[in-house]
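Below are a few points on the fold, set down for discussion alongside the coordinates. Please read them with the structure open.

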Amino acid sequence: MSDASAAEEEWPPLPEALVVPVYDNHTHLDHDRDHGGPQLDPREQLDRASAVGVRGVVQVGTDLETSRWSARLAAHEPRVLAAVALHPNDAPGLAASGELDAHLAGIDELASRPRVRAIGETGLDYFRTEDDAGRAAQLASFEAHIEMAKRYGLALQIHDRDAHEDVVATLHRVGAPERTVFHCFSGDAEFARLVADEGWFVSFAGTVTFSNAKPLRAALEAIPRANILIETDAPYLTPTPFRGRTNSSYLLPHTLRAMAAQLGTDPSMLAAQLSSNTELVYGRWDDEPVTPPPGPFDPHPETGGAGDPDWRG
Ligand SMILES: [Zn+2]
Ligand SMILES: [Zn+2]
């Protein structure tokens, strides 16, 4: 068996194609999964997604380098819009080394680029950061990102882990952007209602399919469908029945079908609603033209790859 077919076997098969297409509003095409999953070229991931009715993705940067890469990919690829930000888990280290302001300035520069439609993922992560100095750095970074989203008129993608109360308090204190998304929502029905009542969006990931995720499914049922989005957060959080394996946008139909079953509705009805919600938040994928890439596509921004150096800009 060749290495290629060995790697291929690691990937779950393509699900049955959706009749009505959806968007994956939060994915990381560039991330190496930490448990050593096999890599698929981002273009191959997008081709597979297209083949099963996932018609577009929001590619999310988590630091300056991956945000630059995300903006550049979106500029050249019609199926991709970009979100740019410094991840809350990186804020404490950047603040400690005195680099936070310079990196925020770098994100600010990217925010005005074509096809960059969101600031994210930003927010608060109290699971990974427990010390006061680290949490203060996260808060400063979060507030700076909120300000950018409002100044540029972009959507905000929030990463909220064990920090529901402080995330909401921050949004109330400084004022939330017009379109605010709780990515990979992890609250219960009560918190989902609070988020939806504010007019914010609740984005469900593969976690909603997990057998132990009853509160998430209750959250899904508790809010108006106009407030719901769907995402993979790939390569993480692979939906049932492939939980534990590497995720990719082409596996989104499993999550959509599980959500439709939970809501007792037809997957096509739900897909139509989610597509419309997604375009309301980020705009249409085809309303800003793409420019042809300046050189060979570089699937591995972190190593530089063989492409035109301009591709990494
Ligand atoms: Zn996140
Ligand atoms: Zn993410």
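1. In this predicted model, helix α9 (residues 214-222) and helix α10 (residues 252-263) approach each other so that their axes come within 10 Å and cross at roughly 70 degrees. Because angles of 65 to 115 degrees count as roughly perpendicular, α9 is to be described as roughly perpendicular to α10. As for its hand, the crossing of α9 and α10 is right-handed.

2. Which residues make the contact between α9 and α10? On the side of α9 they are R217, L220 and E221, and these meet M259, Q262 and L263 of α10. By character, the residues of this contact of α9 with α10 comprise three nonpolar, one polar and two charged.

3. Turning to the strands, the model has an open sheet formed by eight of them, arranged in the order β1-β2-β3-β4-β5-β6-β7-β8, and the pairing is parallel. The edges of the sheet are occupied by β1 (22-27) and β8 (228-230), each of which pairs on one side only. On average, and with direction ignored, neighbouring strands of this sheet are turned by 30 degrees against each other.

4. Within the sheet, the pairing of β5 with β6 can be followed residue by residue. Strand β5 (residues 155-161) and strand β6 (residues 180-183) run parallel and are joined by four bridges. Where in β6 does I158 find its bridge partner? The partner of I158 is F182.

Definitions and conventions. Residues are numbered from 1 along each chain as its sequence is written. Chains are lettered from A and ligands numbered from 1 in the order in which they are written. This is a predicted model: local features need pLDDT of at least 70, side-chain atom pairs count only at pLDDT 80 or more; totals for chains, interfaces and linings use all residues. Two strands pair if DSSP finds at least two bridges between them. Helices (H or I, at least four residues) and strands (E, at least two) are DSSP runs, numbered from the N terminus. Axes are lines fitted to C-alpha atoms, for helices over the stretch in contact, and angles run from 0 to 180 degrees between N-to-C directions. Angles under 35 degrees count as roughly parallel, over 145 as roughly antiparallel, 65 to 115 as roughly perpendicular and the rest as oblique. A crossing is left-handed if the near helix is turned anticlockwise from the far one by less than a right angle, and right-handed if clockwise. Two residues are in contact if their C-beta atoms, placed from the backbone, lie within 7 Å. Ala, Val, Leu, Ile, Met, Phe, Trp, Tyr, Cys and Pro count as nonpolar, Asp, Glu, Lys and Arg as charged, and the others, Gly among them, as polar.
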